[in-house]
Amino acid sequence: MKKLILLIIIALSSNSYAESKNSDFFAINDVFVGGGSLTQFVGKVQKDESGSTNSFDFLPYIAGGVEFQLYESFSFNPQLAISFPRSGRDENIKKLTYWFQFPVAYNLESFQFSFGPGLLYNRVSSSGGTESLSNGVGTTDFPLPNGSSISSNLTLNLAADWEFYKNISGRVETWVINLSDSESRAFSYALSAYYHFGEIKW
């Protein structure tokens, strides 16, 4: 009986110790906001009639996220970002890009390395009407779509952050799109900077 009581006391003590060690689990370590520039589908988008493809596009965006504590140096950093509305190669077509990311991060002094899945959305819209385009000997009126469509892609994201100044960090990240399909697989990358508000206690 004494041995049983002793075992129960040890188990309860161990459980209390584990709970105290994990009391910070999913606590908010940081809230951050920032922005940068995204280059989508590197080498896949033709830029001119000579056949040149894109290597850098200036697509500004704003972003924000939260860092939740997981275990020791690991955290979960969900993020949301949205680009500024822009015209495509055709001024009558408007584009908007936004995305969600769900990476797990590892913190190493002033650096943070993250890896995880994401969802990327591209919205294309037009107000309808017609557009006159050259047909070689004159012009022809072509109809423009009326409405919008959204394409979605599952991404795999890899990023590195460096806090080079107090509460300010720079980030380089790359995304793999359509990872399992060798023909449609594409890469995108982003360069950004963030301001960190730090730990928040609720």
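The legends below describe close-up views of a predicted model.

**Figure 1. Overview of the chain in the predicted model.**
The chain has 202 residues, and 29% of them count as buried. One helix and 13 strands are present. Read from the N terminus, the helix comes at the start of the order α-β-β-β-β-β-β-β-β-β-β-β-β-β. Among contacts with a separation of 6 or more, 53% are between residues 24 or more positions apart. The accessible surface is about 13,100 Å², and carbon and sulfur atoms account for 62% of that surface.

**Figure 2. The loop between α1 and β1, with Phe26.**
Helix α1 covers residues 2–21 and strand β1 covers 28–39, and Phe26 sits in the loop between them. The phi angle of Phe26 is near 65 degrees, which is a positive value in a residue other than glycine. Is Phe26 buried, partly exposed or exposed? Phe26 counts as partly exposed because its relative accessibility is 39%, and partly exposed residues fall between the cut-offs of 20% and 50%.

**Figure 3. The loop between β2 and β3, with Glu72.**
Strand β2 spans 60–71, strand β3 spans 74–76, and the loop between these two strands holds Glu72. Glu72 also has a positive phi, near 50 degrees, and is a residue other than glycine. With a relative accessibility of 62%, Glu72 counts as exposed, because the cut-off for that class is over 50%.

**Figure 4. The largest nonpolar core.**
This core is made of twelve residues. The aromatic side chains in it include Phe32, Tyr61, Trp99, Trp175 and Tyr194. Leu38, Leu59, Leu120, Ile177, Ala63, Ala81 and Ala190 also belong to the core. Which strands supply at least two residues each? They are β1, β2, β12 (168–177) and β13 (186–196).

**Figure 5. The surroundings of Phe32, a member of the largest nonpolar core.**
Leaving aside residues up to four places away in sequence, Phe32 touches Ala63, Gly64, Gly65, Val66 and Glu67. Phe32 also touches Gln79, Arg171, Tyr194, Tyr195 and His196. Two of these partners, Ala63 and Tyr194, are listed with Phe32 in the largest nonpolar core.

**Figure 6. The largest cavity.**
The structure holds two cavities of 30 Å³ or more, and the largest contains about 40 Å³ of space. Its lining is formed by Tyr61, Ala63, Gln79, Leu80, Ala81, Trp99, Gln101, Arg171, Glu173 and Tyr194. Which strand gives the most to this lining? Strand β4 does, with three residues. Strands β2, β4 (79–83), β6 (94–101) and β12 each supply at least two residues. By class, the lining has six nonpolar, two polar and two charged residues. Tyr61, Ala63, Ala81, Trp99 and Tyr194 appear both in this lining and in the largest nonpolar core.

**Figure 7. The second largest cavity.**
About 30 Å³ of space lies in this cavity. Gln101, Pro103, Ser114, Phe115, Gly116, Asn157, Leu158, Ala159 and Glu173 form the lining. Two or more of these residues come from β8 (111–127), and two or more from β11 (146–165). The lining of the second largest cavity divides into four nonpolar, four polar and one charged residues. Gln101 and Glu173 line both the largest cavity and the second largest cavity.

Conventions:
Residues are numbered from 1 along each chain as its sequence is written. This is a predicted model: local features need pLDDT of at least 70, side-chain atom pairs count only at pLDDT 80 or more; totals for chains, interfaces and linings use all residues. Side-chain values use heavy atoms; hydrogens and water are left out. Helices (H or I, at least four residues) and strands (E, at least two) are DSSP runs, numbered from the N terminus. Buried means under 20% relative accessible area, exposed over 50%, partly exposed in between (1.4 Å probe, protein chains only). Contact means heavy atoms within 4.5 Å. Accessible areas come from the Shrake-Rupley method with a 1.4 Å probe; for residues, only the protein chains shown count as cover. A nonpolar core is a set of buried Ala, Val, Leu, Ile, Met, Phe, Trp, Tyr and Cys residues joined through side-chain atoms within 4.5 Å. On a 1 Å grid over the protein atoms alone, a cavity is a set of points where a 1.4 Å probe fits but cannot get out, and a pocket is an open set with protein on both sides within 12 Å along at least five of seven lines; lining residues have an atom within 4 Å of a point. Grid points are joined across faces, edges and corners, and a volume is the space filled by probe spheres set on the points. Ala, Val, Leu, Ile, Met, Phe, Trp, Tyr, Cys and Pro count as nonpolar, Asp, Glu, Lys and Arg as charged, and the others, Gly among them, as polar.
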